[in-house]
Amino acid sequence: PPLLCSPARVRWGWGGGPSPFAADARRPPAPLVTDKAVRRTVLKTVFSADKVPEGLDAIVVGSGIGGLAAAALLAKVGKRVLVLEQHGKLGGCCHTFSERGFEFDTGIHYVGQMQEGSLMRFVVDQLTEGQLDWAQLPATYDAVVLGEPGSGSTYRIRAGEREYFRALKEQFPGDGAAIDEFERLVKSTGRGVVLLGVLKMVPRVLASLLCRSGLLPRLSPFCQLALRSVRDVVGMLTANRELRAVLSYLFPTYGVVPSKASFSMHGILVSHFLHGAWYPRGGAGEIAFHIIPIIRRAGGNVLGKAPVQRILLDSQGKACGVSVKKGQDLVNIFAPVIISDAGIFNTYERLLPAETRALP
C-alpha cells in the first residue's frame, strides 16, 4: 500500500530495530470458530472515539490484507496500531457475507504460492500464527471455457511449473514455440520483481536517477514489459485466437482488460499460480479473523464503520493523523505514521488536500 508517513517510519525500518519474524509465531491450529456471536466480536467492531487506543504509533486506513498485514507486522514488534475501515465488516476483500444460509467470498477465490517452504506461505503463517489450514485444489485447478458451456471449447489449466506449460502444449500442439516464448516472458517478469524491491531499498536519489535515465528497461525485462499490454504481447506470440484467450484468461483477477493491462502485472499473476491454488478452510474470512487479534494484543485496535475523510498534514506537510466521520461529526486522530491501504487513487485524489495533490 502507498505509505504516507513521517521520517520516523524510515528510521525505524533502517535503524536496526526488532524483526517481526525474530520468533516463530506458529502454534497448533485451534478448532474452527463457527459461533457467529464470537466472530462478530472480532470482525464487526464499530468505531467510536472511546475505542481509539492512546499513544498510537501508527494509523492504517483500510482493513484489506495490505493494511492488516502492515498493522500486524508493526504489532509484532510492539507498536500500537489503529486500523480504520469504512465498511461495517472488517477484512476488505477477505471479508465474507451470508445470503439465504450460504456464505460468499467477496474477493478471494483461491490463492497461489501456498506450498510448504514458499516465502508467501512463511509470511502468511507468521501473520496468522499458523492458524490457517490451506486446502490445495486439484492438480487441474482451472478450466477456461470459450463459447457456450457444453458446446464451446474447454481448456484445462494444470498446477506445476512444468505441467502448466506442458498441458498448454498438449491442448495447442501447433503452438509449442509460442507457448515456450510465453513461458520465458512470464518467468522473466517474475525474476524482475526483485528489482522493484531493490529500488525501494537503495537511496532515493539513486532510485530516481535509475528511473529517469532510461536504464531500467535495459536492466530488467519486468520494466520493459511493464510498458506493453497483455493484448500486444500475446498477439505478437500467436495468431491463434483461442490460445490468445487462454494465455490472457487471468485478467479478471486484477480487473483490467488485456488491452489496458501491463504484461508484467499479468506475468506476476501467472507465476503466482504456477504451483497451483489453495483455499483457506473455513473461508476467506479466516484470514482477517486470525490477524486482527494480533493487532489488538499489542494494544491497538481494528474498527469498522470508520470512514476516513482525509489525511491530516502538519505545518511541514507531513502526515500526522486522519479525520474520521462519525454521524455528523468529524473525529481527528493523530499518530506519527499514517499508512494508506485505501488504494492509490483514493489516497491521492480523495484523502490528501488539493495543495498536496498538486505536487509532483
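Which residues gather in a patch of positive charge on the surface? They are Lys36, Arg40, Lys44, Lys51, Lys305 and Lys326, and before I go on I should say that this is a predicted model, in which local features need pLDDT of at least 70, side-chain atom pairs count only at pLDDT 80 or more, and totals for chains, interfaces and linings use all residues. Residues are numbered from 1 along each chain as its sequence is written, and side-chain values use heavy atoms, with hydrogens and water left out.

A patch here takes residues with over 30% relative accessible area and no salt bridge, joining like charges within 9 Å and nonpolar side chains (Val, Leu, Ile, Met, Phe, Trp, Tyr) within 5 Å; a salt bridge would be a side-chain nitrogen of Lys or Arg within 4 Å of a carboxyl oxygen of Asp or Glu.

Within the positive patch, Lys51 sits in the loop between helix 2 (36-43) and strand 2 (58-61), where helices (H or I, at least four residues) and strands (E, at least two) are DSSP runs numbered from the N terminus. Lys51 counts as partly exposed because its relative accessibility is 33%, given that buried means under 20% relative accessible area, exposed over 50%, and partly exposed in between, with a 1.4 Å probe and protein chains only.

Turning to the nonpolar side, Phe97, Phe102 and Phe104 make a surface patch of about 310 Å². Of these, Phe97 belongs to strand 4 (residues 96-99) and, with a relative accessible area of 37%, is partly exposed.

As for the whole chain, there are 16 helices and 14 strands, and buried residues make up 43% of the 360 residues.

Conventions. Accessible areas come from the Shrake-Rupley method with a 1.4 Å probe; for residues, only the protein chains shown count as cover. Lys and Arg count as positive and Asp and Glu as negative; His and the chain ends are not counted. The place of a charge is taken as NZ of Lys, CZ of Arg, CG of Asp or CD of Glu.
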